[in-house]
There are 2 protein chains.
Amino acid sequence: MTVGDTSKAFGRVLRELRNAASLSQEALALEADVDRTFVSQIERGIRQPSLATIFKLAAALDVKASSLIAKVEKAVG
Amino acid sequence: MTVGDTSKAFGRVLRELRNAASLSQEALALEADVDRTFVSQIERGIRQPSLATIFKLAAALDVKASSLIAKVEKAVG
C-alpha cells in the first residue's frame, strides 16, 4: 500500500459519499469550509487531506470520520 | 470541535497506543517511516497528520486506521 493508493481510495470514497448525498463539489466545500478546488483535487487523489479536513468532510457528509476511514480501508483492499 | 481539539485528541491517543506498545518515539518513527520530531509534535497536538501518516502510524502500531480514528472521536468527546 503506497501513499498514492490511500489518497486515491480516499478520493473514490469521498466522491461516492458526496454523490450519494446529492451534493456538488461546491456544496460540499461550502459545508465543510474547504476550497472547492481542494475537494476536486482530493477526489482525484492528487492531494491528500489532513486529520482536520477528514473530520470536516465527514461532518459535512453526516458520517463519522472513523466510518469514512473504514470505507477507505476497504477501497484500498 | 475545533482543528486544535482534534489534533490534541489524536496526539493523546497516539501517545497512549505507543506506550501500550512499549515503543519509544524513535522506534515508532522508524517503524512508520516518519521523523521522530514529527511524532513528538503530533503527540503534543501542535502538528496534525495527513491521511498517509495516519495510515502509516496505525500500521506501525498494528491497529486499523479506522480504529485509531474511532479512539480519537471518543477522545474529542
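A polar contact here is a pair of N or O atoms within 3.5 Å; within protein, one atom must be able to donate a hydrogen and the other to accept it. The legends below describe a predicted model.

**Figure 1. Polar contacts and salt bridges between chain A and chain B.** Between the two chains, 12 residue pairs are in polar contact, both residues of each pair being at pLDDT 80 or more. Salt bridges are another matter: the rule finds 0 of them across this interface. On the side of chain A that touches chain B, the classes are 12 nonpolar, 5 polar and 2 charged residues.

**Figure 2. The contact surface of chain A and chain B.** The interface brings 19 residues of chain A into contact with 19 residues of chain B. About 1,600 Å² is buried between the chains. Carbon and sulfur atoms give 76% of that area. Which three residues of chain A supply more of its buried area than any other three? They are Leu51(A), Phe55(A) and Glu73(A), with 39% of the area that chain A buries against chain B.

**Figure 3. Helices of chain A that face chain B.** Three elements of chain A each give two or more residues to the side that touches chain B: α1 (3-20), α4 (51-60) and α5 (65-76). Of the elements, α5(A) gives the most, with 6 residues.

**Figure 4. The axis that relates the two copies.** A turn of 180° lays chain A on chain B, with a shift of 0.0 Å along the axis. The RMSD of this fit is 0.0 Å. This is the relation of a two-fold axis. Which C-alpha of chain A is nearest the axis? That of Ser50(A), 2.0 Å away from the axis. Both copies use the same surface: 100% of the contact residues of chain A recur in chain B.

**Figure 5. Glu43(A) and Arg15(A).** Side chains of opposite charge can pair when their charged atoms come close. The structure holds 5 salt bridges over all chains. One of them joins the side chains of Glu43(A) and Arg15(A), at 2.8 Å from N to O. Glu43(A) sits in helix α3 (residues 36-43) of chain A and Arg15(A) in helix α1 of chain A, so this pair ties together parts 28 residues apart in sequence. Is Glu43(A) buried or exposed? Glu43(A) has a relative accessible area of 5%, so this residue counts as buried, the cut-off being under 20%. Arg15(A), at 34% relative accessibility, is partly exposed.

**Figure 6. Glu43(A) and Arg18(A).** The side chain of Glu43(A) also meets that of Arg18(A) in a salt bridge, at 2.5 Å from N to O. Again the pair links helix α3 of chain A, which holds Glu43(A), to helix α1 of chain A, which holds Arg18(A); the parts tied together are therefore 25 residues apart in sequence. Both Glu43(A) and Arg18(A) are buried.

**Figure 7. A salt bridge in chain B.** Arg36(B) forms a salt bridge with Glu26(B). Their closest N and O atoms are 4.0 Å apart. Arg36(B) belongs to helix α3 (residues 36-43) of chain B and Glu26(B) to helix α2 (residues 25-32) of chain B, so the pair ties together parts 10 residues apart in sequence. Arg36(B) is partly exposed, at a relative accessible area of 35%. Glu26(B) is partly exposed too, at 48%.

**Figure 8. A salt-bridge network in chain A.** Which residues form one network through salt bridges that share partners? Arg15(A), Arg18(A) and Glu43(A) are joined in this way.

How values were computed:
Residues numbered from 1 in each chain as written. Chains lettered and ligands numbered in written order. Predicted model: local features only at pLDDT ≥ 70, side-chain atom pairs only at ≥ 80, totals over all residues. Heavy atoms only, no water. Contact = heavy atoms within 4.5 Å. Buried area = accessible area lost by both parts, 1.4 Å probe. Polar contact = N/O pair within 3.5 Å; in protein donor to acceptor, adjacent residues only side chain to side chain. Helix = DSSP H or I, 4+ residues; strand = E, 2+ residues; numbered from the N terminus. Nonpolar A, V, L, I, M, F, W, Y, C, P; charged D, E, K, R; others polar. Least-squares fit on C-alpha atoms with pLDDT ≥ 70 in both. Buried < 20%, exposed > 50% of the residue type's maximum accessible area, 1.4 Å probe, protein only.
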